[in-house]
Amino acid sequence: MENLSNPDENEDVGYHQSPRSIDPNDQSAAETPVYSTMSIDSFVYPRTCSDSTSGFSDQIDETNSFCSEPSPSNWPVLTESKSSKCFTALEVQSNEILAVQEITEPELETMKERFAKLLLGEDMSGSGKGVCTAVTISNAITNLYATVFGQNLRLEPLETEKRALWKREMNCLLSVCDYIVEFIPRCQNLSNGATVEVMESRPRADIYINLPALRKLDSMLMEALDSFQNTEFWYAEEGSLSMKSARSATGSFRKVIVQRKEEKWWLPVPLVPSEGLSDKARKQLKNKRESTNQIHKAAMAINSSILSEMEIPESYMATLPKCGKSSVGDSIYRYMSSSGRFLPEQLLDCLNISSEHEAVQLADRVEASMYTWRRKACLSNSKHSWNMVKDLMSNTERTDKNYVMAERAETLLFCLKQRYPELSQTSLDICKIQYNKDVGKAVLESYSRVLESLAFNIVAWIDDVLYVDKTMSGSE
C-alpha cells in the first residue's frame with residue numbers, strides 16, 4: 001500500500017516519525033498532493049438553507065397570528081410587530097447563508113471531489129475496480145495526517161487553518177462509526193406495570209471502547225503542541241554541528257541528529273542559549289516528554305489490539321512456506337528446537353541485530369514460521385479458514401512438536417517487539433490492512449496509527465532539544 005511505511009526511510013537520524021507509521025516528514029511526501037475525504041462542513045450548506053425556511057416559519061405563532069374573527073379571504077393575518085420580526089430574522093439568516101457560501105465555495109468543490117473519490121473507491125475510471133470502503137477510509141485518514149502534519153517539523157502550536165482542517169475532516173471520517181452499531185437487550189417497564197425485554201442499539205463494542213480513548217489522545221496531543229509557546233529554544237533551518245550516531249541502551253534505532261548537510265537537510269535543528277536551558281524549562285520538557293511517551297504507548301497498544309483482531313487474509317496463508325525451518329534459518333531453528341529451556345532473550349543477544357531493517361526481516365520470518373507450524377499442527381484442516389484452524393488449535397495435543405515450535409516462535413516475536421517497540425509494521429500487518437473489509441476496524445487502526453506517529457515525533461523532537469541542551473552544558 002502506498003500509504004504504509006517504508007522501513008528503510010526511518011534509518012535517518014533525527015526528526016523522524018515512528019517506523020510503524022507513514023513518514024510525513026519525507027520531502028517527497030510533503031511535495032506530493034494528497035487527498036483526504038470530504039469536509040464535514042460541507043454538509044452544513046443544505047441544512048442551513050432548509051433551516052432558513054423552518055426558522056422563518058418558527059417565528060410565526062400559528063395560533064395567535066390569525067385575527068379574532070375569520071378573515072373573508074381565509075388568509076392568516078400577521079400583526080405588524082410580528083411580521084417585522086419575521087422579515088428581520090429572514091434577512092439576518094439570508095445574509096449569514098450568503099456569507100457562508102461566499103467563504104466556503106472552494107471547500108464545497110473540494111468536498112465534491114473527495115466525496116466522489118470515496119464513492120469510487122479511488123478508481124477514477126468508474127469501472128468498479130476500486131478498493132473497498134474500508135481501505136479507502138484508511139487511506140483518507142493517512143492522507144489527511146500527511147496533509148496536516150507533513151510539514152509540521154517543530155515543537156510549536158499547529159496553525160489555526162490546519163487545526164480546523166484536521167478537526168473538521170476527522171469528525172467527518174469518524175462519523176461513519178456512529179452508524180456501526182450492535183443490538184443489546186434492555187428491560188423496559190410499561191405503564192401497566194408489566195416488564196418487557198426490548199433490543200436497543202449502541203456503538204459496536206470495539207468502537208464504543210476505543211474511539212473515545214483515541215479522541216482523548218488526539219486532544220492531549222493538540223494540547224501538548226499548544227504548550228510550546230514562548231520557549232527558550234528555537235530552530236535553525238540548517239544544522240552546523242557534527243554528525244554522530246548512537247544506539248541507546250534500550251535498543252532503539254533512533255540516531256541523534258547534530259548535522260544535516262546532505263541527508264534531509266531541510267529539517268530544522270533546535271538551538272538553545274549558550275548557557276543552556278533553565279532548570280524550569282528543562283523540567284517542563286522532561287515532564288512533557290514523559291506524558292507524550294505514555295500517549296504513544298497507549299496509541300500503539302490500541303493499534304496492536306485492532307490489528308490482532310483483524311482476520312488473516314487467505315492470500316497471506318497461501319504464501320507461507322511449507323516448512324518453518326526454511327523461514328527462520330538453520331541456526332535459529334536449532335536453538336528453538338533444542339530440548340533445553342528456551343530463552344528468547346538469549347537468542348536475540350546472539351543474533352546481534354544492528355539495524356531496524358534486520359529486525360523487521362527477522363520479525364517477518366519468525367511470524368511466517370509461527371503460522372506455518374500452527375497450520376501443520378492442524379494439517380488435516382489446513383484448507384479451511386484460519387478461524388477454524390484457531391479453534392482446532394485449542395484441542396491440539398500440546399506435546400505436538402509443531403505446536404511447541406509455534407509457541408516458541410510466538411514468544412520470540414513478542415520479545416523482539418518488546419526490545420524494539422518502534423519497529424515498522426510486519427508483512428502480515430500490512431496484508432491485514434490491505435485486505436481488511438471491516439470499516440470500523442479500518443477507522444480505528446488508521447486513527448491510532450497516525451496518533452502513534454504524531455506522539456512518536458513529538459517525543460523525538462523533545463529528545464533532540466534535550467540533547468542539544470546537554471551538549472551545550474557539556475561544552476561549558
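These are my notebook entries on salt bridges, a charged patch and one helix in a predicted model.

**Entry 1: salt bridges.** I began with the count, which comes to 14 salt bridges. I then picked out Asp226 and Arg163, whose closest N and O atoms are 2.4 Å apart. Asp226 lies in helix H7 (residues 205-226) and Arg163 in helix H6 (residues 160-174), so this pair ties together parts that are 63 residues apart in sequence. Is Asp226 buried or partly exposed? I found it partly exposed, at 27% relative accessibility. Arg163 is also partly exposed, with 25%.

**Entry 2: a network.** Which residues are linked with Arg204 in a network of salt bridges? I noted Asp206, Asp438 and Lys441. Within it, Arg204 meets Asp206 at 2.9 Å, N to O, and both of these residues are buried. Asp438 meets Lys441 at 3.8 Å, N to O. Here I found Lys441 buried, with a relative accessible area of 15%, while Asp438 counts as partly exposed at 22%.

**Entry 3: a positive patch.** Next I looked at the surface, where Lys325, Arg334, Lys376 and Lys401 form a positive patch. I placed Lys325 in helix H10 (residues 324-328). Its relative accessible area is 36%, so Lys325 is partly exposed.

**Entry 4: helix H15.** Lys401 from the patch led me to helix H15, which covers residues 401-419. I read 19 residues and a reach of 27 Å from first C-alpha to last, close to the 27 Å expected at 1.5 Å a residue. Its buried residues include Tyr403, Met405, Arg408, Leu412 and Leu416. I jotted down a reminder: an α-helix has 3.6 residues a turn, so residues three or four places apart point the same way.

Definitions and conventions
Residues numbered from 1 in each chain as written. Predicted model: local features only at pLDDT ≥ 70, side-chain atom pairs only at ≥ 80, totals over all residues. Heavy atoms only, no water. Patch = residues over 30% accessible without salt bridge, like charges linked within 9 Å, V, L, I, M, F, W, Y side chains within 5 Å. Areas by Shrake-Rupley, 256 points an atom, 1.4 Å probe, with all protein chains shown as cover. Salt bridge = Lys/Arg side-chain N within 4 Å of Asp/Glu carboxyl O. Lys, Arg positive; Asp, Glu negative; His and termini not counted. Charge placed at Lys NZ, Arg CZ, Asp CG, Glu CD. Helix = DSSP H or I, 4+ residues; strand = E, 2+ residues; numbered from the N terminus. Buried < 20%, exposed > 50% of the residue type's maximum accessible area, 1.4 Å probe, protein only. Expected span 1.5 Å × (residues − 1).
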